[in-house]
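User: Could you walk me through this model before I set anything up?

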Amino acid sequence: LSIYFVDTTLAHPEIAAVGLENEQLENDVELVLRRNGIPLLRKGDYPNPDRDGRLLVVVRALKQNNRMYVVYTEVAFRRRVYVKSSADQGGNALTSTFAPIWSDGVLLLLDREKVVATLRDQIKDIVEKFSLDYLEANPK
């Protein structure tokens with residue numbers, strides 16, 4: 001079981017305007033995962049979608065005024081899951097999709113000057129929690 005994809009999405013252009021970048025978040029997340037011994041596939045490695053999962057980091061923000069932002073951050077681990085098809089299709093076929101099997105998030109009201117540092121710290125904290133749960137569920 002490996003994590004083959006770390007995706008960060010800044011869902012509001014204003015959040016990038018205060019200096020937060022996808023690459024910065026991806027590096028932060030990958031560093032926490034590697035430090036905790038979570039297996040990551042390298043870019044270019046071919047994942048096994050039935051075995052490997054993807055970690056998604058989403059940051060949504062709403063600018064309240066010139067100084068304040070309401071920010072929601074979520075980290076979710078998604079894996080392929082299989083569901084039996086409906087009875088009208090015979091009921092025996094399997095359909096697959098990626099679904100979250102672990103997620104955590106935080107809603108914050110942040111001053112413009114503290115957005116980048118606070119968000120980076122919050123995301124690292126959530127990824128630390130994920131790492132502990134992942135290692136507990138997947139002992140070596």
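Analyst: What follows covers confidence, a helix pair and the nonpolar core. This is a predicted model, in which local features need pLDDT of at least 70 and side-chain atom pairs count only at pLDDT 80 or more, while totals for chains, interfaces and linings use all residues. Residues are numbered from 1 along each chain as its sequence is written, and side-chain values use heavy atoms, with hydrogens and water left out.

User: Which elements have the lowest and highest mean pLDDT?
Analyst: Strand S1 (residues 3-10) is lowest at 58 and H3 highest at 94, pLDDT being the predictor's confidence in each residue, from 0 to 100. The protein chain averages 83, with 80% of the residues scoring at least 70.

User: How do H2 and H3 pack?
Analyst: Helix H2 (residues 22-35) and helix H3 (residues 115-137), both DSSP runs (H or I, at least four residues; strands are E, at least two), pack at about 30 degrees with axes 9 Å apart, where axes are lines fitted to C-alpha atoms over the stretch in contact and angles run from 0 to 180 degrees between N-to-C directions.

User: And what kinds of residues make that contact?
Analyst: The residues of the contact of H2 with H3 divide into eight nonpolar, two polar and five charged.

User: Switching topic, which residues touch the most others in the largest nonpolar core?
Analyst: Ile15, Leu33, Val71 and Leu119 do, out of 29 residues; such a core joins buried (under 20% relative accessible area, 1.4 Å probe, protein chains only) nonpolar residues through side-chain atoms within 4.5 Å. H3 supplies the largest share of this core, eight residues.

How values were computed: Ala, Val, Leu, Ile, Met, Phe, Trp, Tyr, Cys and Pro count as nonpolar, Asp, Glu, Lys and Arg as charged, and the others, Gly among them, as polar. Buried means under 20% relative accessible area, exposed over 50%, partly exposed in between (1.4 Å probe, protein chains only).
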